[in-house]
Amino acid sequence: MTNQPLLEVRDLQTVFELDEGIVKAVDGVSFDVYSGKVLGIVGESGCGKSVTIKSVLRLIEKPGRIANGAIRFRSKILGNSSAEMIDLVHLPAKSAQLRALRGNEIALIPQEPMAAFSPVHTIGNQLMEVIHLHQQVSDDEAKKIAVTRLKEVGVPNPESAMDRYSWELSGGLRQRAMIGMALTCNPLLLIADEPTTAIDVTTQAQVLSLLRKLQQEHQTSIIFITHDLGVIAQLADDVVVMYLGKVMESGPVDQIFHNPQHPYTRALLRSIPTVHTKNRSRLPTISGSIPHPFQKRTGCPFVARCQEALPQQRCSNQAPVLKAINEHQSVSCFLHEEEVNVC
Amino acid sequence: MSAELAQSKLTANTPMPPERLLEVKELKKYFPIRKGFFKSVVGQVRSVDGVTFHLNQGETLGLVGESGCGKTTTSRCLLHAINPTSGEIRYRQADGQLVDVTQLATDQLRPLRREMQMIFQDPFASLNPRMNLLDLVGEPLLVNGVANRKERSDRVADLLRLVGLRPEYMRRFPHAFSGGQRQRIVIARALALNPRLVVADEPVSALDVSVQAQVLNLLLDLQEQLKLTYLFVAHDLSVVRHISDRVAVMYVGRIVEMSPTDELFLAPKHPYTAALLSAVPVADPRIRSKMQPLEGDVPSPSDPPSGCHFHPRCAFATDLCRQQAPDLEEVQPNHFVACHRQAELALTGVSEPI
Ligand SMILES: Nc1ncnc2c1ncn2[C@@H]1O[C@H](COP(=O)(O)OP(=O)(O)OP(=O)(O)O)[C@@H](O)[C@H]1O
Ligand SMILES: Nc1ncnc2c1ncn2[C@@H]1O[C@H](COP(=O)(O)OP(=O)(O)OP(=O)(O)O)[C@@H](O)[C@H]1O
Ligand code: SF4
Ligand code: SF4
Ligand SMILES: [Mg+2]
Ligand SMILES: [Mg+2]
């Protein structure tokens, strides 16, 4: 729709101060989310995907804290004009403003599906509670909205589903109800943290086509987190590739898959088995494993596993920074700095 | 009933083709549903409902299907971790003798348990956190009479090297290892007693993509080196295509299609297989599928639909499908399908390897 971002994250740093040391879970992350677009965040377990979006929602609790950065959001209810962006980092924790945003303009589908619903209240009551929290409507109206949402996300017999408990529903239905709940207030930004990881491909396909439909019909912006590159390829407009708390590469989905510029992105793409690979062929692997989060690092986070690392310890003495290499694509790697001869 | 019994007696004595390691016939596992004060049985969960397949020596059979279709229950019956309700599991022992695993008494099972090993899904849950690698990998050796400590630690060192871990790590505890390394430990443990058959239940599902590739390659290497036979249970079709020689697709307790891997992926003959394949998200943004997802949910095995279990979700269902369950038939050499309409349907699979 517009060319202005709905959300701008700049240099975000979120740390956990533990007895054993400091975990820099998110270490200087920047990205934009545009209106009506899907941003996919990929990366292996522990790279900081969930902490990033929990930071955006200001859900980080002690011993964690946002140590640095800006999270600018174009809020309709908090901003004075549509041009103004509010920096969520500056809103006091537990403030009325944050409560007004969460679940209303920014909604979350969390990583653990069971955690989204309380087991002791019916689906209907929980949906209506969210509606009452953000809208001045009667019980009857709230109920009507809730039923409409459930119908929209393809829950059969939405009226009777209102009276059910989350644990009574099948995995696929629970997932749908959860999306319905996230959508109750027509959010501007929907954040989905691995919403399809624990479910079957057939249910996953249902959920993905549902999200795609919602995004097209309501122009909702979506941040979609996953480690499944197939899901990213099918759903995302733009992609952020993370490793050890940092953005390695970001850009349009087609560029990321067909013209990846970072050694980690390239290695990741090579190592996935697909339904097209010939059977019993050996997969190219990324040697080694992800370093421990406490480990002190000076250089590039990927250096220990990188096949393209530069000579003379260049990559281990200094850390590269995320730089735009063209209008849309950014890369954090010394291979893309002028003084280095790339061939 | 007696005719059936007679037949099963007959097959128990009929020879098994020499390339076969294992033959499963009409395997059933029903779990009783109990209700009320007296815990009377009010129904049955038909988790595995007449499954027939075989494993050739040295091959990998992939077993796929949606959650709850009976993959784990089938695997557990093979290893006699649970007692099947009925059916036959014929196994060719290392000494060449054929046995029906379902008929063996507990003490007769012990030598068999060395030959058949299981690898479980969760590398975090399946290792005792208070045991170091030497004890973890060495435990099966100790249980099976390798009492000499030196001999045991030598063997553990060999096993660790085999799965690509340093023997120096022997005194470390599982928490010091990453997910992929832990799964290597689990594999080393499973290989301790020189098994011939390894049943792997979702061995890479909990692992990250980069680590998944390492473990899959390791499993392929070990198979070649040690002439292992694998039953590889998974719900990830990409992984299954990658590792399997043949694939069996299960739906609500039954096998609906079984064939060589490439044939199944390129030219599926069962509507459910085709639906599963079309649901896999292709890792290429230039091939955005229409994504016409399969509607509805997997039925409960306690109350499966009549006839063909797939009929409520099948676009091709007819009255016959609603009334009568199709048999699993060999429609081409080595390609088995259970569908009344397989001959007339032209289904599409995935595109050729790129
Ligand atoms: N509450 C916490 N206390 C301490 N460390 C934490 C906490 N939450 C997250 N971390 C650490 O922060 C890092 C990033 O975690 P995060 O949950 O964001 O990973 P992720 O990318 O979402 O991984 P996954 O794919 O497994 O969900 C990890 O090293 C994790 O151990
Ligand atoms: N001990 C048990 N008692 C009752 N029902 C059981 C028992 N074990 C399994 N079942 C049921 O049998 C069916 C098949 O279960 P099984 O674990 O074999 O499925 P699966 O294909 O391995 O699924 P998943 O992909 O989720 O691991 C399920 O409906 C399950 O609820
Ligand atoms: S900076 Fe060096 S180590 Fe890091 S990804 Fe680039 S080439 Fe590899
Ligand atoms: S038997 Fe009928 S319902 Fe079953 S898969 Fe074939 S066409 Fe569909
Ligand atoms: Mg996470
Ligand atoms: Mg299972």
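## Strands 4 and 5 of chain A

In this predicted model, A:Phe73 has A:Ile86, in strand 5 of chain A, as its bridge partner. Strand 4 of chain A covers residues 64-73 and is joined to strand 5 of chain A by two bridges. The two strands run antiparallel.

## The sheet and helix 1 of chain A

Strands 4 and 5 belong to an open sheet of four strands in chain A, with the order 2-1-4-5 and antiparallel pairing. Its edges are strand 2 (21-34) and strand 5 (86-87) of chain A, each of which pairs on one side only. Strands of a sheet pair through backbone hydrogen bonds, in either a parallel or an antiparallel manner.

Helix 1 of chain A, residues 49-56, lies across strand 1 (5-18), strand 2 and strand 4 of chain A. Relative to strand 1 of chain A, helix 1 of chain A runs at about 115 degrees.

## Surroundings of ligand 3

Which residues are around ligand 3? They are A:His262, A:Pro263, A:Cys300, A:Val303, A:Cys306, A:Glu308, A:Ala309, A:Cys315, A:Pro320, A:Cys333, A:Phe334 and A:Leu335. By class, this shell has 10 nonpolar residues, one polar residue and one charged residue.

## B:Arg113

B:Arg113 is located in helix 3 of chain B, which spans residues 106-115. B:Arg113 counts as partly exposed because its relative accessibility is 38%, a value between the 20% limit for buried and the 50% limit for exposed.

Apart from neighbours within four places in sequence, B:Arg113 is in contact with B:Leu79 and B:His80. B:Leu193 is 80 residues from B:Arg113 along the chain, and the C-alpha atoms of the two are separated by 9.3 Å.

Methods
Residues numbered from 1 in each chain as written. Chains lettered and ligands numbered in written order. Predicted model: local features only at pLDDT ≥ 70, side-chain atom pairs only at ≥ 80, totals over all residues. Heavy atoms only, no water. Buried < 20%, exposed > 50% of the residue type's maximum accessible area, 1.4 Å probe, protein only. Contact = heavy atoms within 4.5 Å. Pairing = 2+ DSSP bridges. Axes fitted to C-alpha atoms, helices over the stretch in contact; angles between N-to-C directions. Near = heavy atom within 4 Å. Nonpolar A, V, L, I, M, F, W, Y, C, P; charged D, E, K, R; others polar.
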